[in-house]
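Biologist: Hi! I have a structure open on my screen and would like to talk it through. Could you help me find my way around?

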Amino acid sequence: MVVILIVLLALVVLLLGWFFFAYNSLVRLKIRVDNAWSQIDVQLKRRHDLIPNLVESVKGYMAYEKDTLERVIKARTQAIDASGIKDKAQAENFLSQTLRSLFAVVERYPDLKANQNVLSLQEELTSTENKISFARQYYNDEVGRYNTLIEVVPTNIVAGAAGFAKRDFFEIEDKAQREAPKVQL
Amino acid sequence: MPFSFIDIEEKKTRLLGCLFFFVIFFYFLTAYLVLLILRNAFGPRDGFFWPSGMSVLAAFGIALFVALLHWATSTSHLIEKLSLSIGAMELDAKDFYHKGLQNIIDEVGVAVGGRRITGMVIPSVSLNAFALEDFQGRAVIGVTEGLLTRLNRSQLEAVVGHEAGHIVSGDCVTTTVTCALAELYDELFSRLKAGMQRSRGRGSVLILALFLIIFFMRFLSTLLRYFISRQKEYRADAVSVRLTRNPLSLAEALSLISTNWRGGGASGERLESIFIVNPNFSRLDEKQGVFSDVFSTHPPIAERIRILTDMAHVDTKTLEEHLKNDTWVSPVARAEFTQADGGPSAWRVFADQEWKGPFGLEELQASGLLTPETWVKPEGSEKVAHAYEDETLLSVLSPQAAEKKTKEEFACPHCRTALGELYYEGVPLQKCSHCEGVFAPSHKISRILIRRDKTFDPEIVRMAEATIRERDRRVDGFYKQKPVNAWVLDCPQCGRKMRRQFFVYSYPVEIDRCVYCEGIWFDRQELEILQYIYENKEHFFDDSSF
């Protein structure tokens, strides 16, 4: 009788311990996901700040490319206004596209290509683009880990009971980026 | 989970603890050995004695004290000390390449989840990269100037990713501390050696004793290296691939580094384990097996490249072909010799009741129209102003005023006007807009010579060839001159006289070098001629030993 009681008690303690452990690891991952998201936000904001400078310094040279510039400015405003992960991802992808077409246009103007100011802005923007994609990569890794933990069998009970919700990935909707890179052989 | 920082922290502390106890143990063993020898040499002559319990305890106390002292001295200012001994310097915030490097490091910092890493650079032609980290979590990633020049952006990113891999997986601290522990003795050793040679005879017994002890301790630094596993390089390669998702670029970078000079002999003698590829060629490194697993610091490069190319589904031959055909030119090449700040370069002048021009700066001076009171407006703008209100024009108008203003800045030693900033192959230099002379502080010269963005005019090529052809005659003639004219110009940086001389005998370009601050003044085209000769040295000299 006593033995059974002790075994039961031990089981309860073990179960409780496991519950706390699972809950804590869920919380830890959730905080990391939030942190990763704020990383993306920082980089996105930085890009929004850099764009007006770039537009200002190329404007003088590009009299015939008004609509390219306007598209960049419009995309930037949209991206700033967007809220929610899905909308934001879409707006930012559109902004990336317009920026890419702007850089393609810059290539056609020898004066612009030799301008120190434009060059260093271009370097800054390229770097920020890279940072955004790295931050997104880190965020998606963390979200993947978090979502897995919510869905796998024992922890999903804890997640369901404590109300942990799955997160969205920061996805790329851009076709060109989705295509597999060509391997040169 | 590779990124569980708690695991890594635990592992880190455990390894460092091991290291610390190893150091104590080593000192204890040494003290015990010395005790044993002393007791049997000076004690009673009959038979062999083991030291008593008390003396063993004393030996342990001494060992503990020395170990603590050693630990404390080598781990304070870890990063400063080690970067000094490999000759690494802080990044030049204005330099185009350096800015790019810091950007890449920041990008990788974001990729590992937001971490600040400082960039550094070794002013050397060799190709290599290193990482350092101290107990406070300050991290440094450094590359050589040669690497910065030769690698393209994605290759550089892969290398930085590898170094960041060392930092996030926690082996960087252990390596850094181990190197610092070993470094202390190497430094003492070399200093004593120099001291011995200087003061021959005097106090030589004492020095000899010290010398012996330190020689013994140097053995410790050799032992310490076996704490560093060669596996860490594979792990860091893996992290780099996981961050950049680009195994091919890392393979390319490794292949480039391994087939060029990696800086052997130039950097700190025993610090090879902080580098991505061992600076000294080591036969042991290139071998597989238990023996080399224990005793070498780096895995075989061929093996590393093979793993990476397998990941990218490319074979090693195609990689080599690809590298051969890859002539990558950085975007900086386009920006050469452009004025850094966007000041006006042409003006319209109001004279004889009408606006004339636009004139360039030189034209304006020659025209005789320019006085301080002249009305001018910069080309492309409607802002009318007196000439003295325009900064560029003021420097032409009154050299004295300009000289006063630029006392701490820079003034041209010929024309006495303020020097403007200029980017030459991404390096910020001072250039005179009149005589087109260029001033370069000494530490920037190596950077310029290494970088290869610039394409040369036929005129420069002709002049460089003429320079080399007449070398012997000129060397003779130059040194037969009285040294009266040898000190002509004032150094723009410190104001002292500069000595006119050849850059070096093998590159007989006449330059003015300040003997105090070692800055160099190049007259018009001299820098380009020097660089042309340097970059085509194989063409000019039979053996490339220069």
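Biologist: Which residues have the most contacts inside the largest nonpolar core?

Modeller: Happy to help, and keep in mind that this is a predicted model. The residues with the most contacts inside that core are Val108(B), Ala131(B), Val159(B), Val160(B), Ala164(B), Ala440(B) and Ile533(B). The core has 114 residues in total.

Biologist: And where does this core lie?

Modeller: Domain 1 (81-179 + 227-325) and domain 2 (333-341 + 408-546) of chain B both give residues to this core, so it lies between them.

Biologist: Let me pick one. What is Ile533(B) in contact with, leaving aside its neighbours within four places in sequence?

Modeller: Ile533(B) is in contact with Ala464(B), Thr467(B) and Ile468(B), and also with Tyr507(B) and Phe540(B).

Biologist: What about a second core, which residues does that include?

Modeller: The second core is separate and has 14 residues, among them Leu54(A), Leu95(A), Val106(A) and Val118(A).

Biologist: Back to chain B. How many residues of domain 1 are in contact with domain 2?

Modeller: In chain B, 9 residues of domain 1 are in contact with 10 residues of domain 2.

Biologist: Which elements give two or more residues to the domain 1 side?

Modeller: Those are α4 (96-111) and α5 (145-150) of chain B. α5(B) gives the most to that side, with 3 residues.

Biologist: How many nonpolar, polar and charged residues does that side have?

Modeller: The side of domain 1 of chain B that touches domain 2 has 4 nonpolar, 2 polar and 3 charged residues.

Biologist: New topic: strands. How many residues of β4(B) are buried?

Modeller: Strand β4 of chain B, residues 139-144, is mostly covered, with 6 of its 6 residues buried. Ala139(B), Ile141(B) and Val143(B) point one way, while Val140(B), Gly142(B) and Thr144(B) point the other way.

Biologist: Does β2 run parallel or antiparallel to β4(B), and what about β3?

Modeller: β2 (residues 118-122) of chain B runs parallel to β4(B), and 5 bridges join them. Thr118(B) stands opposite Val140(B) in that pairing. β3 (residues 129-133) of chain B runs antiparallel to β4(B), joined to it by 5 bridges. There, Ala129(B) stands opposite Val143(B).

Biologist: Which residue takes a positive phi in the hairpin of β3(B) and β4(B)?

Modeller: That is Gly137(B), with a positive phi near 85 degrees. The hairpin has 5 residues between the strands.

Biologist: Great, thanks!

Notes
Residues are numbered from 1 along each chain as its sequence is written. Chains are lettered from A and ligands numbered from 1 in the order in which they are written. This is a predicted model: local features need pLDDT of at least 70, side-chain atom pairs count only at pLDDT 80 or more; totals for chains, interfaces and linings use all residues. A nonpolar core is a set of buried Ala, Val, Leu, Ile, Met, Phe, Trp, Tyr and Cys residues joined through C-beta atoms within 7 Å. A residue is buried if 20 or more other C-beta atoms lie within 10 Å of its own, exposed if 12 or fewer, and partly exposed in between; C-beta atoms are placed from the backbone. Domain bounds come from an automatic or database domain assignment. Two residues are in contact if their C-beta atoms, placed from the backbone, lie within 7 Å. Helices (H or I, at least four residues) and strands (E, at least two) are DSSP runs, numbered from the N terminus. Ala, Val, Leu, Ile, Met, Phe, Trp, Tyr, Cys and Pro count as nonpolar, Asp, Glu, Lys and Arg as charged, and the others, Gly among them, as polar. Two strands pair if DSSP finds at least two bridges between them.
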